[in-house]
Amino acid sequence: MKPTVSPTATTKYKGVVQQQNGHWGAQIYADHKRIWLGTFKSAAEAAAAYDSASIKLRSFDANSHRNFPWSEITVHEPDFQKSHTTEAVLNMIRDSSYPQKFGDYLIVRSQMVAIANVNIVGSKQNRGGGEESTKCFSCTELFHKELTPSDVGKLNRLVIPKKHAVKHLPFISDGGAAEDVEVGFYDRAMRQWKFRYCYWKSSQSFVFTRGWNGFVKEKNLKKKDVIVFYTCDVPSNFKTLEGQSNKFLMIDVDYFTDKASVEPKEVNKMVHNVSEREMKTENFFGTKVEEETNSEVSKGGFMLFGVRIQ
C-alpha cells in the first residue's frame with residue numbers, strides 16, 4: 001500500500017510529493033506506468049532518488065528529466081547502473097541500499113583509476129616490472145593506431161589494422177555472412193566504452209562502428225591523435241568494479257601536438273578522477289559539506305541521499 005499523499009502538497013522537484021506525515025515520497029512514470037521509489041526524510045533526497053531512477057528508466061533523455069545538474073559524483077551513476085538490471089536499481093533505491101553500494105563503487109573506481117594511470121604511464125615509458133605493478137595490477141600495450149581523418153570523420157567508424165584485429169580482438173570472419181560482436185574497454189577514468197566490432201566486406205576492413213562516434217566526441221579526438229589499446233591484469237586479491245573481470249581491456253589516448261605525442265592533462269573533461277579532497281567534501285548534489293569537528297563525523301566521506309559514505 002502506497003503512503004498517503006497530501007492533496008495540497010507542492011514541491012519544486014520533479015517526481016516528489018509531500019506526505020501527510022511530513023516525509024517526502026518519490027515516484028516516476030515510465031511506459032505510462034507509475035513507479036513508486038520510496039519515502040525519504042527530505043524533498044532533496046527524494047529528488048535525488050528520482051534522478052537516479054531516471055538514468056535507468058529514461059536513458060534516452062535522462063538529461064531533461066533531472067532535478068539536479070550532473071556533479072563530479074553523480075556523473076558516474078550511469079556506469080554504476082550498467083552492471084545492474086532495472087529491477088535491481090529500483091530495489092536498491094527503495095530499500096535505501098543504493099547510496100552505500102554506489103559509494104562502494106566510487107571508492108573502488110577511484111583506487112583503480114589511480115593504479116591504471118601509474119601502470120599506463122609506466123608501460124608507455126617502458127618501465128615494466130616495477131614494484132608498483134607487482135603490488136597492484138599491470139597494463140600491457142597490445143597495439144596503437146594513429147587516427148586518420150576518416151577515423152574521426154562522418155563515417156563514424158574506426159578501422160583496425162588487420163594484423164592487430166586478428167591477433168588481439170575477438171574472432172570474426174573476414175568472408176561469408178556478415179557478423180559482429182560487442183567489445184568493451186575501460187578508459188583511465190574507469191568509464192566503460194562498448195563498440196560494435198565487425199568486418200566490412202566492401203572495404204575489406206575490420207572496424208568499430210556503433211559507439212565509436214560517441215567516444216570521438218567525448219574525448220575530442222582529432223586526426224593524428226593516437227589510440228592505444230591495453231590488456232590489464234588484476235591480482236585475485238584486489239577488488240575490481242562490479243561486473244569487471246580480473247582481466248580487462250583498456251583504451252587510452254595520446255593527443256597529438258606539433259612537438260610530440262604527449263599525455264593528456266585531462267583524460268575526460270566530464271568524467272574524471274575525484275581527488276581525495278573532493279571525495280571528502282562533495283555531497284551528492286555537488287555542494288560542499290560543511291567542515292565537521294565532531295569526533296563521530298571527522299572521519300570524512302561524502303553525503304549520498306543524506307547518508308555519509310566513508
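**Reading burial, pairing and backbone in a predicted model**

Modeller: Let us start with one residue: Cys-198 is buried, with a relative accessible area of 2%, where buried means under 20% relative accessible area, exposed over 50% and partly exposed in between, for a 1.4 Å probe and protein chains only. This is a predicted model, in which local features need pLDDT of at least 70 and side-chain atom pairs count only at pLDDT 80 or more, while totals for chains, interfaces and linings use all residues. Residues are numbered from 1 along each chain as its sequence is written, and side-chain values use heavy atoms, with hydrogens and water left out.

Colleague: Which residues of helix α3 are buried?

Modeller: In helix α3, which spans residues 86-94, the buried residues are Val-89, Leu-90, Met-92 and Ile-93; helices (H or I, at least four residues) and strands (E, at least two) are DSSP runs, numbered from the N terminus. These four cover an arc of only 160° around the axis, which puts them on the same side of α3, the arc being that of the directions from the helix axis to the C-beta atoms.

Colleague: How many salt bridges does a search of the whole structure find?

Modeller: Side chains of opposite charge can pair when their charged atoms come close. The criterion here is a side-chain nitrogen of Lys or Arg within 4 Å of a carboxyl oxygen of Asp or Glu, and the search of the whole structure finds nine salt bridges. One of them joins Asp-180 to Arg-196, with the closest N and O atoms 3.3 Å apart. Because Asp-180 belongs to strand β6 (residues 180-186) and Arg-196 to strand β7 (residues 192-200), the pair ties together parts that are 16 residues apart in sequence. Asp-180 is partly exposed at 37% relative accessible area, and Arg-196 is partly exposed at 24%.

Colleague: Where do Arg-191 and Glu-218 lie?

Modeller: The side chains of Arg-191 and Glu-218 meet in a salt bridge of 3.2 Å, N to O. Arg-191 is in the loop between β6 and β7 and Glu-218 in helix α7 (residues 212-219), so this pair ties together parts 27 residues apart in sequence. Glu-218 counts as partly exposed, at 26% relative accessibility. Elsewhere, salt bridges that share partners join Lys-145, Asp-151 and Arg-157 into one network. Within that network, Asp-151 and Arg-157 have their closest N and O atoms 3.3 Å apart; Asp-151 counts as buried at 1% relative accessibility, and Arg-157 counts as buried at 10%.

Colleague: Which cysteines form a disulfide?

Modeller: A disulfide is a covalent bond between the sulfur atoms of two cysteines. Taking a pair of cysteine sulfur atoms within 2.5 Å as the test, the count comes to one disulfide, formed by Cys-139 and Cys-232 with their sulfur atoms 2.5 Å apart. The link is right-handed, with 105° about the S-S bond. Distant parts of the chain are linked by this pair, since Cys-139 is in strand β4 (residues 138-146) and Cys-232 in strand β9 (residues 226-233), 93 residues apart. Both Cys-139 and Cys-232 are buried.

Colleague: Is the phi of Asn-156 positive or negative?

Modeller: Most residues other than glycine have a negative phi. Asn-156, however, has a positive phi near 55°; Asn-156 sits in the loop between β4 and β5 (158-160) and is partly exposed, with a relative accessible area of 33%. Gln-204 also takes a positive value, with phi near 50°, and Gln-204 lies in the loop between β7 and β8 (205-208), where Gln-204 counts as exposed at 64% relative accessibility. Ser-96, just after α3, takes a positive phi of about 70°.
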